[in-house]
Amino acid sequence: MKGRDMRVVHIIPALAVSLGLAWPAHADDPALRIRLDQATQLQDDCQLFFVLENQLGAGIDSLQAETVLLGPENRVLRLSLLDFQSLPESGLRVRSFQFPSLGCDQIGRVLFNAVGECAPLGAAACTAALHVDSQTAIEVMK
């Protein structure tokens, strides 16, 4: 019976992955989390609010990311370099960006195309640890 129980243990993670269920991240896993929290229409402009959480084990002096706003048909609406500024170790920050002459309902996706600057850790380290999410109807991906 023990052999059968071991197979069940191995099947559960595979089943969770195939169903799209995420296992909680280990506390030791470095992560840079960016969540699109709100999209607010301001007359002719769309304002996007991002919540950033630094779980990298070190402070970030400067963080910039090249993002692409895509329409529902995946057509490029805007290509922007967003300056998220600094982010303390184990810190949580909210940053907002306003996109002139753009309706929030025109945006289907936000693509984090590349991490430009992530000092002092380096773009590669921040890109590897980047996790993105959305609490809006707009999908966020990397």
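Where is asparagine 74 in this predicted model? Asparagine 74 lies in the loop that runs between strand 3 (60-70) and strand 4 (76-87).

**View 1. Asparagine 74 has a positive phi.** Let's stay with that loop between strand 3 and strand 4 for a moment. The phi angle of asparagine 74 is near 65 degrees, a positive value in a residue other than glycine. Asparagine 74 has a relative accessible area of 41%, so it counts as partly exposed.

**View 2. Serine 101 also has its place in a loop, this one between strand 5 and strand 6.** Here is a residue other than glycine with a positive phi, with a value near 55 degrees for serine 101. Is serine 101 buried or exposed? With a relative accessibility of 59%, serine 101 counts as exposed, because the cut-off for that class is over 50%.

**View 3. An open sheet is built from four strands.** If you trace across the sheet, the strands come in the order 5-2-1-7, and their pairing is mixed. Strand 5 (92-99) and strand 7 (130-134) form the edges, each pairing on one side only. From one strand to the next, the twist averages 25 degrees.

**View 4. Strand 2 meets strand 5.** Now for a closer look at one pair within that sheet. Strand 2 covers residues 45-55 and runs antiparallel to strand 5, and eight bridges join the two. To find your bearings, look for phenylalanine 49, which stands opposite serine 96 in strand 5.

**View 5. Glutamate 117 reaches residues far off in sequence, among them leucine 63.** Glutamate 117 belongs to strand 6 and, at 33% relative accessibility, counts as partly exposed. Which residues does glutamate 117 contact, leaving aside its neighbours within four places in sequence? They are Ser62, Leu63 and Gln64. The C-alpha atoms of glutamate 117 and leucine 63 are separated by 5.3 Å, although the two residues are 54 residues apart along the chain. With serine 62, glutamate 117 makes a side-chain to side-chain polar contact of 3.1 Å.

**View 6. A cis peptide bond joins alanine 119 and proline 120.** The omega angle at this bond is about 5 degrees. Where should you look for proline 120? You will find proline 120 in the loop between strand 6 (109-119) and helix 2 (123-129).

Notes: Residues numbered from 1 in each chain as written. Predicted model: local features only at pLDDT ≥ 70, side-chain atom pairs only at ≥ 80, totals over all residues. Heavy atoms only, no water. Pairing = 2+ DSSP bridges. Axes fitted to C-alpha atoms, helices over the stretch in contact; angles between N-to-C directions. Buried < 20%, exposed > 50% of the residue type's maximum accessible area, 1.4 Å probe, protein only. Contact = heavy atoms within 4.5 Å. Polar contact = N/O pair within 3.5 Å; in protein donor to acceptor, adjacent residues only side chain to side chain.
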